[in-house]
Amino acid sequence: MEEIYDLFCNYHNVLDDPELVDYKNLRNLFEQYSSLPSLDHLIFQLSIFFVCFHELGHLVQFSNKELLNQTAVNAMQEAYMTSIKAFDIEDHVMEIDADMRGARFLVDGVIDKWSKLPNDIKTEENLKKLIILSLVGASSFFIMVKKFPVTGIYYYETTHPHPLIRLMWLSHIVVERMETHYPSLERDDIIRETLRVLNVYSKYKHLGDTYENYIDPYVKHAKDISDYLYSLVETARTPGYEYLSK
Ligand SMILES: [Zn+2]
């Protein structure tokens with residue numbers, strides 16, 4: 001969480017980047033109202049919503065497993081991964097299940113904060129910006145939680161799905177959840193804009209090569225990633241997965 005705080009609350013230089021001028025304008029708008037938190041703190045808060053409810057999702061999974069007399073492995077360490085434990089599709093299913101819970105609360109948090117903003121800030125366009133910045137926060141959590149550098153795209157490897165796969169999943173949940181508030185919001189648009197902003201963050205925060213790890217695989221392998229996500233969702237519906245938090 002300290003790293004996420006550092007990412008968001010020390011990121012004035014990032015929002016000053018010419019590529020993010022729209023977001024800088026939004027930050028300036030926030031600063032005109034003494035009753036509002038800074039945009040930086042708001043995004044930090046929303047990112048933490050995601051992290052907390054993702055972890056809560058794991059707690060629900062483990063608690064349900066105990067109730068179902070299934071072995072609940074001690075997996076409450078998000079840093080337990082990569083080279084130590086072999087691939088198990090169950091780990092990936094558990095992650096996208098926890099991500100779904102985190103994303104729903106993230107969207108609810110964004111809508112709640114946005115609905116209380118002054119009318120000149122409370123536009124559909126700014127709602128999208130808050131969603132994008134929050135997704136950048138959630139994605140940075142995916143990236144930072146990895147002990148080893150993320151490279152390229154992968155599917156049936158390691159304990160957590162590739163951050164790009166998780167971003168695509170989150171975007172799917174966001175669009176679904178925002179349907180009544182923002183029916184014209186499109187998943188592809190969200191992913192592309194999140195990757196664009198993430199790329200600017202990467203320049204300052206050393207989150208790896210965004211083009212190599214996310215943008216390029218998204219352009220080339222979007223269909224394969226969707227198919228993989230679909231296989232995880234289908235697996236989650238099979239017997240033995242009744243413990244998921246859903
Ligand atoms: Zn997790």
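## Exercises on an all-helix fold

Glu 66 sits in helix H4. Keep in mind that the model is predicted.

**Exercise 1. Work out whether Glu 66 is buried or exposed, and find how far its C-alpha atom is from that of Tyr 243.**

Step 1: Count neighbours. Glu 66 has 11 other C-beta atoms within 10 Å.

Step 2: Apply the cut-off. A residue with 12 or fewer counts as exposed, so Glu 66 is exposed.

Step 3: Check the distance. Glu 66 and Tyr 243 are 177 residues apart along the chain, yet their C-alpha atoms are separated by 8.8 Å.

**Exercise 2. Describe the overall make-up of the protein chain: how many helices and strands does it have, and what share of its residues is buried?**

Step 1: Go through the elements. There are nine helices and zero strands, giving the pattern α-α-α-α-α-α-α-α-α along the sequence.

Step 2: Look at burial. Of the 246 residues, 36% count as buried.

Step 3: Look at contact range. Take the contacts between residues at least 6 apart in sequence: 79% of them join residues at least 24 apart.

**Exercise 3. Find which residues touch the most other members of the largest nonpolar core, and which helix gives the largest share of it.**

Step 1: Start with the core itself. It holds 52 residues, and Leu 106, Ile 131 and Leu 135 touch the most other members.

Step 2: Ask where the core comes from. The elements giving two or more residues include H4 (39-67), H5 (89-115), H6 (124-144) and H7 (163-177). H6 contributes the largest share, with 11 residues.

Step 3: Zoom in on one hub. Setting aside neighbours within four places in sequence, Leu 106 contacts Leu 46, Phe 49, Phe 50, Ser 134 and Ala 138.

Step 4: Put it in context. In soluble globular proteins, nonpolar side chains tend to be buried together.

**Exercise 4. Decide whether Phe 50 is buried or exposed, and list what it touches.**

Step 1: Place it. Phe 50 is in helix H4.

Step 2: Count. Phe 50 has 27 C-beta neighbours inside 10 Å, so it counts as buried.

Step 3: List the partners. Not counting residues up to four places away in sequence, Phe 50 touches Gly 102, Ala 103, Leu 106, Gly 137, Ala 138 and Phe 141.

Step 4: Add a C-alpha distance. Phe 50 and Phe 105 are 55 residues apart in sequence and 6.6 Å apart in space.

**Exercise 5. Characterise how H4 packs on H6: at what angle, with which handedness, and through which residues?**

Step 1: Get the geometry. The axes are 8 Å apart and the packing angle is about 50 degrees, which makes H4 oblique to H6.

Step 2: Give the hand. H4 passes H6 in a right-handed crossing.

Step 3: Name the residues. H4 brings Ile 43, Leu 46, Ser 47, Phe 50 and Val 51, and H6 answers with Leu 133, Ser 134, Gly 137, Ala 138 and Phe 141.

Step 4: Sort them by class. The tally is seven nonpolar, three polar and no charged.

**Exercise 6. Do the same for H5 and H7: at what angle do they cross, and how do the contact residues divide by class?**

Step 1: Get the geometry. The axes come within 9 Å and cross at roughly 45 degrees, so H5 and H7 are oblique to each other.

Step 2: Give the hand. This crossing is right-handed.

Step 3: Name the residues. H5 supplies Ile 96, Asp 99, Met 100, Ala 103, Arg 104 and Val 107, while H7 supplies Arg 166, Trp 169, Leu 170, Ile 173, Val 174 and Arg 177.

Step 4: Sort them. Here we get eight nonpolar, no polar and four charged.

**Exercise 7. Compare burial for Tyr 156 and Thr 158, and find what stands out about the phi of Thr 158.**

Step 1: Place them. Tyr 156 is in the loop between H6 and H7, and Thr 158 is in the loop between H6 and H7 as well.

Step 2: Count. Tyr 156 has 11 other C-beta atoms within 10 Å and is therefore exposed. Thr 158 has 21, so it is buried.

Step 3: Check the backbone. Phi of Thr 158 is near 60 degrees, a positive value in a residue other than glycine. Most residues other than glycine have a negative phi.

Step 4: Finish with a distance. The C-alpha atoms of Tyr 156 and Phe 87 are separated by 6.5 Å, although the two are 69 residues apart along the chain.

Methods: Residues numbered from 1 in each chain as written. Predicted model: local features only at pLDDT ≥ 70, side-chain atom pairs only at ≥ 80, totals over all residues. Core = buried A, V, L, I, M, F, W, Y, C linked by C-beta atoms within 7 Å. Buried ≥ 20, exposed ≤ 12 C-beta atoms within 10 Å, placed from the backbone. Helix = DSSP H or I, 4+ residues; strand = E, 2+ residues; numbered from the N terminus. Contact = placed C-beta atoms within 7 Å. Axes fitted to C-alpha atoms, helices over the stretch in contact; angles between N-to-C directions. Parallel < 35°, antiparallel > 145°, perpendicular 65-115°, else oblique. Left-handed = near helix turned anticlockwise from the far one by under 90°. Nonpolar A, V, L, I, M, F, W, Y, C, P; charged D, E, K, R; others polar.
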